[in-house]
Amino acid sequence: MKILLASSGGGGGNILRSIKTLFRQDVALAQKTDARYAERLRRALTTRFLDTNEFSVADVPAEERLLIGARKTRHLGSRHNPDVAREALEESRTEVTALFRDYSVIVLIGTGGKGTGAGTMFPLAQIAREQRKLVIPIFVRPSFEWHEVDKRRYDHALHVVDQFDAARIRFIEILNDRGYSQASPASQSVVWERMNVPIARGLRGLLYVLSDLSQVDPSDLCTLGAGPGRLRIGFGELDPPPGADPTDAQIDEASRQCWDNGFCSFTRPAGTSLVCIQGDWSNIADGKIKRRLGAWAAEEAKEGVYNPLYARPSHGPRPWGVTALFAEHTGIHDPLDVDWPLDNRVPLPPPAQAFARARAAAAADSVAAAAPAPIAVGGALAPPPVPTSFQTFRELCLGVNRRDAAALAIARNGATSEIPLNCTEVRKLLGTVWFRSVFAQLSEDWRSRILETLVQASPITDHLVRIGRQNVRVSETTCEELKRVVTETVLPDAVRMDLQLLVGVGTLWGTEAMKRFAFAPLPSHESSSRLFSLAAFNPEQ
Amino acid sequence: MTGGVDDVVLWIGLALALALMVSGLHDYVRDRRAPLQRFGERFVYEFARPLVRVRPSEPVVEARLRVRPYRRQVEVLLAPRGGRPYPNLVDHKQNVEYDVERVLRVLEDQRFVAGPLYAQGQWVVVPLYLRVSPKQAGGT
């Protein structure tokens with residue numbers, strides 16, 4: 001998915017500059033260890049600086065600026081007046097709408113200190129919502145107690161917060177007050193870094209998930225963003241020695257860092273949350289991280305409202321650790337209606353030996369020694385496709401899943417492809433979630449060939465299954481009924497495999513395709529005992 | 001004997017009259033205090049509501065009420081809590097004045113007006129006056 005990271009006003013622009021710098025450092029590190037992954041990160045993200053004041057974005061490349069309200073403000077700023085900023089945005093609504101159109105996810109950053117951020121953050125989020133985008137506003141509530149603004153302007157910021165709550169738009173609220181600690185005073189630059197690092201690193205994890213939706217369902221992300229309340233973004237770094245697992249103490253500290261982002265306003269228990277673990281360690285370490293986060297969530301809410309969605313990049317470059325986007329539990333809400341266009345995914349550039357060499361060479365380099373290369377986030381590079389051969393259908397599907405240009409070209413054709421189709425292999429693929437998105441990319445020829453291969457494997461035993469109080473033959477059931485049987489009944493492996501095949505075919509090709517299978521009658525001497533065993537396993541009995 | 005009975009009746013009557021007087025006085029004072037006390041509590045709640053809390057359950061400012069029914073006045077005493085700087089009249093005078101106006105506006109009770117703020121030790125004192133009698137103000 002393509003992600004737009006847009007700031008609004010001077011304060012938001014400063015944060016975006018900082019996040020962009022951190023992100024560029026991460027991309028530079030990724031470039032040394034995994035150039036393809038770095039390229040994908042770079043291409044997935046676009047940055048734009050929205051402002052009413054031309055001077056505050058003078059240092060930003062022209063293509064990354066979007067000045068709003070030329071007539072209203074003459075590009076001289078909103079005079080610290082949110083109403084002027086709101087009118088400026090209204091004047092430039094067409095340009096903003098056009099900008100948002102190309103992105104699936106929009107992250108908005110703004111502060112409530114003066115005019116433009118306070119006046120435009122909420123209307124911008126509304127415009128994004130109207131276009132069915134997943135919008136994640138990051139709004140900074142300034143501190144009047146420490147004289148960043150006076151109380152009147154602080155109340156303007158509170159008004160924005162109230163608007164988000166009233167419109168039931170979830171957002172990340174950063175409280176600048178939390179940056180002032182008399183117990184451990186720190187310089188402003190240190191505090192800003194502490195605030196911005198979790199956002200930049202958290203976004204990296206989010207980018208991974210959004211650029212490859214095979215691990216987390218888009219519908220889950222729609223649930224994550226649904227309803228009113230706050231989001232909390234966190235990151236905890238883990239840097240174990242090569243080939244070793246992090247120690248328990250390291251896991252504890254990183255999990256705690258990820259969980260405890262004290263700058264975010266977050267007053268209710270964590271509900272549906274996205275947890276992304278990046279690092280080359282064992283699944284035992286993953287389990288410990290998840291267990292710790294789960295335990296802290298359980299401390300907050302006895303009712304078990306914590307619902308984590310886990311994502312695990314298999315080859316994520318450093319800095320490693322755990323990033324999370326926690327959502328306050330504010331009840332059960334209808335999922336957001338988000339437009340997730342399949343053709344809007346960011347393809348992974350084709351593999352090249354040079355990348356592999358770079359990765360091997362860089363593995364020995366220390367992370368600190370990495371010199372950031374001059375990388376422009378938001379730049380669009382289009383490497384030429386490298387011809388690739390795929391020995392098996394599974395390899396082809398994997399290629400399509402990572403948007404490999406060569407694989408996509410083959411997927412669009414299919415009639416003349418020499419890649420063999422193996423029934424067992426296709427059946428296994430049908431059982432995976434990610435194959436559904438691959439299937440959408442396959443041509444009609446491919447789909448017909450795959451279905452033909454599967455049908456050739458028939459006859460399928462016409463098992464007896466229990467639906468309600470009746471015993472029904474599989475050949476007489478609908479796809480929906482079979483789905484219920486598969487999900488709600490404990491079945492012997494052989495029966496389950498057959499049923500899953502039929503459900504897969506019914507889901508992807510339609511119920512009519514299920515009728516193309518031939519069914520072999522269940523041997524009479526086995527039918528009674530099979531039925532008995534099914535009945536015995538059925539939890540509805 | 002008759003005189004003794006009369007004395008007893010007299011004393012009981014006196015005691016009852018005294019009790020009634022005390023009860024009446026108590027009710028009178030309570031009636032005058034109640035609206036002032038209630039408004040003071042609402043004032044503190046609204047003053048503290050928008051301030052950032054470390055934990056949701058923790059009070060965010062120190063607060064006391066000084067109710068003076070005979071002057072139709074309640075003084076709200078506010079002080080920073082937990083090492084925070086707000087409220088004070090040294091560097092936040094304008095903010096506190098703005099906040100008092102804001103709170104009175106939000107509470108929408110035209111019977112109360114604020115007097116000039118002053119400091120008393122660590123406390124910021126907000127004098128609030130009732131313009132009508134407490135009985136008219138809704139005291140029971």
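Modeller: Two strands count as paired if DSSP finds at least two bridges between them, while helices (H or I, at least four residues) and strands (E, at least two) are DSSP runs numbered from the N terminus. This is a predicted model, in which local features need pLDDT of at least 70 and side-chain atom pairs count only at pLDDT 80 or more, whereas totals for chains, interfaces and linings use all residues. Residues are numbered from 1 along each chain as its sequence is written, and chains are lettered from A and ligands numbered from 1 in the order in which they are written.

Colleague: Which residue in strand 6 of chain A stands opposite Arg141(A)?

Modeller: Strand 5 (residues 134-141) and strand 6 (residues 171-175) of chain A run parallel and are joined by four bridges. In strand 6, the residue opposite Arg141(A) is Leu175(A).

Colleague: Why is one side of strand 3 and of strand 9 of chain A left without a neighbour in the sheet?

Modeller: Ten strands of chain A form an open sheet with mixed pairing, in the order 3-2-1-4-5-6-7-10-8-9. Strand 3 (65-67) and strand 9 (307-311) of chain A stand at its edges, so one side of each lacks a neighbour because each has a single partner strand.

Colleague: Which helix of chain A gives the most residues to the largest nonpolar core?

Modeller: Such a core is a set of buried Ala, Val, Leu, Ile, Met, Phe, Trp, Tyr and Cys residues joined through C-beta atoms within 7 Å, buried meaning 20 or more other C-beta atoms within 10 Å of a residue's own, with C-beta atoms placed from the backbone. The largest has 95 residues, and Val107(A) is one of those that touch the most other members. With nine residues, the one that gives the most is helix 8.

Conventions
Buried ≥ 20, exposed ≤ 12 C-beta atoms within 10 Å, placed from the backbone.
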